[in-house]
Amino acid sequence: MICTLVQGLALLRMAWFRAGCSVAKRSIRRNLSQGGSYAARAWVGPQNRYIHTTVFTSKAEAAPVPRPVPLSRLTDSFLDGTSSVYLEELQRAWEADPSSVDESWDNFFRNFASQAATSPGISGQTIQESMRLLLLVRSYQVNGHMKAKLDPLGLEERKIPDDLDPALYGFTEADLDREFFLGVWRMAGFLAENRPVQTLRAILTRLEQAYCGSIGYEYMHIADRGKCNWLRDKIETPAPMQYNRQRRVVILDRLIWSTQFENFLATKWTASKRFGLEGCETLIPGMKEMFDRSADLGVESIVIGMPHRGRLNVLGNVVRKPLRQIFSEFSNKPVDEVGPYIGTGDVKYHLGTSYDRPTRGGKRIHLSLVANPSHLEAVDPVVVGKTRAKQYYSNDVDRTKNMGVLIHGDGSFAGQGVVYETLHLSALPNYTTGGTIHIVVNNQVAFTTDPKSGRSSQYCTDVAKALDAPIFHVNGDDMEAVAHVCELAADWRQTFRSDVVVDIVCYRRFGHNEMDEPSFTQPKMYKVIRNHPSALEIYQKTLLESGQVKKDDIDNIHNKVSSILNEEFLASKDYIPKKRDWLSAYWSGFKSPEQLSRIRNTGVNPEILKNVGKAITTLPDNFKPHRAIKKIFLERAKMIETGEGIDWAVSEALAFATLLIEGNHVRLSGQDVERGTFSHRHSVVHDQETGEKYCPLDHVMMNQDEEMFTVSNRRGLKLIALDCVPVQAKASSLSEFGVLGFELGYSMENPNSLVLWEAQFGDFANGAQVIFDQFLSCGEAKWLRQTGLVVLLPHGYDGQGPEHSSARLERFLQMSDDNPYVIPEMDPTLRKQIQECNWQVVNVTTPANYFHVLRRQIHREFRKPLIVMSPKNLLRHRDCKSNLSEFDDVQGHAGFDKQGTRFKRLIKDQNDHSDLEEGIRRLVLCSGKVYYELDEMRKKAGGDDVAICRVEQLCPFPYDLIQRELKRYPNAELVWCQEEPMNMGAYNYIAPRLCTAMKARGRGTIDDIKYVGRAPSAATATGFIQVHVKEQAELVQKALQPEPISCP
């Protein structure tokens, strides 16, 4: 059974092949006894691809039998020659017995015959002409965009495809006024069965209007026939789309606002960069039409991401940020507040905001524009992640109430890899948002780079074809065409809940920015631009010529807009910016650094720990896991039952489970997080016989929401639900930049969620360096946006080579903003130090401490990013265990101090030392898994005169606890020991801060800090295991040697 006659050229050929085979088989069965001959035939398609068929020819029939010809000598087109004989055979077979041909051919011949009977004008139409006309129509659907008038400057030189020429299909001037029938079974648009008979001239005229005007449609790459038919119904209308007078006046008003806004800024601030929208002013009315249409279709909230060009115009005219506030930002007034939370600020064309605005249909829609850096496209995954979070928290299961809109540049859309990473997330179960609308502001030049030098493809949007997304190219000077495709994009998104692209082909009137001289590199283009009328001038002329709008109407709108702009300018002089104006959302009740937050206990009631511990270590009775996994879960159950030997994976699961029962959302994503890179986590278990999956963390409560705990892994099988709540463990993209950006956006929406991203190895995190550098480390300082995102980076030297040893700890510490020469206020009951820093960096060494640092992220009144140097070989280390009593809140249990049970920023020496140990000759400070090697060697060597303390929290630096240890060991030589080379790891961060603490205690200078570790190196680690073992043994021995350690 074929799908359709003209779904695509390949499908058309395959349809003929299958139908021919069907006819042949039936003919063979009917005529075997009558005697006949078979002719092998090679049928040649328009691209010289051969499809072999066998057609029965009865002796009684007069049709000629072609002689066998080698394939290499077949040169005829399928439009004539053997194909015409084939069609005649089909028609004769159908006339003899309609059931002998495929259903699609039966339908076609019936329609053709009925139309010929009722419309005498088409009585001369042959089957071959019908096929040729169908292919001509399809050529317009496929390649009509190549003939569309997309370039407002008329500079683009494009070859019009030959297959848009009717002469190629055998039509001449004499055929133009002949009537033709085009109806085809189960098709839409021009090919619909209910379309009237038309002359060839009328058909060609409408094809030109639909596909070769100011809009170029690309959709025939979409495999879904239903989607293609939906678009054909929208595109191939009997008459071109036209707006009525009322709509035209609204569009005109919006275009005047867009144009006047840029002109006003250019007049008032002639020497300021503003990255104006001149040359693409139609974007603003287009977006407003899109949002109005989206609201009519049920959208309640839109998250927007965009680059700097046109951002101020979008803020003022689309999102409705107060104009006086925008104007005041040109004056660079300081924020009228004191304290550390005024932030560093950012340039005005990077800031975000959020507002509710009314729509043309009388509804209200919430718009939030996400703040972003100058790194083009970096904000894309952040917007998508924030949109997904909005859908979760608003229970938008159908994904129709919350939508993302991304605005791109032509050069960046084609050139930046994160664009594809973001597109690639669009259909993944734990990342989909029901479709994002992409708008490309196509300047036809990227900074100073021409398209031919900036991409290899015809269009900058070709990357979107990988998703089967429709692409609407539109001339940016045609205001109503822009409005139409923007509305069409909204319709598509709400109908199919998938991505769609609007490519507005425009230009930059003033170059990359207002201070730029673009004619240095594009002299020809800017010679044309200087004399080119604006989109507003073109649209005003169109409306005046139509007679629907008078000049007085236009002048009245201009005067109104000009008056409001001047009023807002005067008001801006007295406008005092507030910090909340910079926020796209405000977390009510959460504190900024000047609103001090008190330390909270993170211990959990022992009974709760036992109950959730049982839930996370129990599998259903009828579930058949891998035998090794079954053994692991039995061991975990024993850990909970005895309260001893809790390992890393169980401590993490306990942290997640206890947060879940407290009502918090937990989301874990990354590479291999379902199982864990090192096969330690097993958060999702697979039945070895049925393939069913079970996630214990989805069952810690009765009737638990299925997405409350989400683990998104790059591997995954199809989910087969058990009797209880299904697990949300799906395949995710093998991506760092895109996925980390997504999780960052997700974490920014609601503070009551623990959102974690784990790298497969910490070494791979630098694939997302832009997110770390431009968002995570400084987003609060620039934009006053807090996030509690947790980043897990496996780190540690165990001989796996330079690409699997280091998470580049030094980079995160280098980006930390605490002052190395000033000891902050260290009140043990307050969070002042940690509230004033930009993020936290930890290298944890016990399961219990890991449990508490995760819970600390939620049990505080503010949010900070947490960077965790997570372990590898400690996951199964015999000494890296904790007792359940270290997790609870019972006074007197291990880990409980006067404030309760909590994360330990520094773990003191585990020998029973008093508050003053004058006999200790050396104090070794370290961080991470090297502690266990040092401790093992100390035990072997009997080094009771050496104390080893673990700095679990590197940033912000625990000055108070370091000073406590300096006081405890007054005569000790001070050593910093690390596995990493000297130019990496924590040494260069620790040294000046440790020196500051030493000076405060009168313990010397930086020269008194002895370094033990690897020598400086370009590579993070050696690739030779023997060299690694030797280096590791030497640094451990040196840290514990009886002789004083010399300076490096």
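Two rings of Phe, Tyr or Trp, taking the six-membered ring of Trp, count as an aromatic pair if their centres lie within 6.5 Å; planes under 30 degrees apart are called stacked, over 60 edge-to-face, and the rest tilted. By that rule, the structure in front of you holds 27 aromatic pairs. I will come to two of these pairs in a moment.

First, what we are looking at. This is a predicted model, where local features need pLDDT of at least 70 and side-chain atom pairs count only at pLDDT 80 or more, while totals for chains, interfaces and linings use all residues. Residues are numbered from 1 along each chain as its sequence is written, and side-chain values use heavy atoms, with hydrogens and water left out.

On confidence: pLDDT is the predictor's confidence in each residue, from 0 to 100. The chain has a mean pLDDT of 83, and 82% of its residues reach 70 or more. Residues 1–82 have a pLDDT below 50, and beyond near neighbours in sequence this stretch has 144 contacts in the model, a contact being heavy atoms within 4.5 Å. Another stretch, residues 581–586, stays under 50 as well, with 23 contacts beyond four places in sequence.

Now helix 6, residues 225–235. Helices here are DSSP runs of H or I with at least four residues, strands are runs of E with at least two, and both are numbered from the N terminus. At the N-terminal end of helix 6, Asp224 acts as a cap: a side-chain oxygen lies 2.8 Å from the backbone nitrogen of Gly226. The buried residues of helix 6 are Arg225, Cys228, Asn229, Trp230, Leu231, Arg232 and Ile235. Buried means under 20% relative accessible area, exposed means over 50%, and partly exposed is in between, using a 1.4 Å probe and protein chains only.

What do those buried residues of helix 6 pack against? Their partners are helix 4 (127–143), helix 5 (200–211), strand 5 (215–218), strand 11 (471–475) and helix 15 (479–496).

Helix 15 brings us back to the rings. Of the aromatic pairs in the structure, which total 27, one is formed by Trp230 and Phe496, edge-to-face, at 5.3 Å centre to centre and 85 degrees between the planes. Because Trp230 lies in helix 6 and Phe496 in helix 15, the pair ties together parts that are 266 residues apart in sequence. Trp230 is buried, at 16% relative accessible area, whereas Phe496 counts as partly exposed, at 23%. A second pair is Phe957 with Tyr959: the ring centres are 5.0 Å apart and the planes stand at 80 degrees, so this pair is edge-to-face too. Both Phe957 and Tyr959 are buried.

Also in helix 15 is Glu480. Is Glu480 buried or exposed? Glu480 is buried, with a relative accessible area of 11%. Leaving out residues up to four places away in sequence, Glu480 touches Met241, Tyr243, Arg248, Tyr539 and Leu543.

Next, a sheet. Five strands form an open sheet in the order 24-26-25-28-29, with mixed pairing. Strand 24 (906–907) and strand 29 are the edge strands, each pairing on one side only. For two strands to pair, DSSP must find at least two bridges between them. Strand 28 (residues 973–981) and strand 29 run parallel and are joined by five bridges. In one of them, Trp976 has Tyr1011 of strand 29 as its bridge partner.

How much of strand 29 is covered? Five of the six residues of strand 29 are buried. Take Arg1014, found in this strand: its relative accessible area is 7%, so Arg1014 is buried. The side chain of Arg1014 makes a polar contact with the side chain of Gln1032, at 2.9 Å. A polar contact is a pair of N or O atoms within 3.5 Å; within protein, one must be able to donate a hydrogen and the other to accept it, and residues adjacent in sequence count only if both atoms are side-chain atoms. Beyond four places in sequence, the residues that Arg1014 touches include Tyr797, Met982, His1028 and Leu1035. The C-alpha atoms of Arg1014 and Leu1035 are separated by 7.1 Å, with their positions 21 residues apart along the chain.

Last, Ala759, in the loop between strand 18 (753–758) and helix 23 (769–776). Ala759 is buried, with a relative accessible area of 0%. Apart from neighbours within four places in sequence, Ala759 is in contact with Thr677, Leu792, Leu793 and Pro794.
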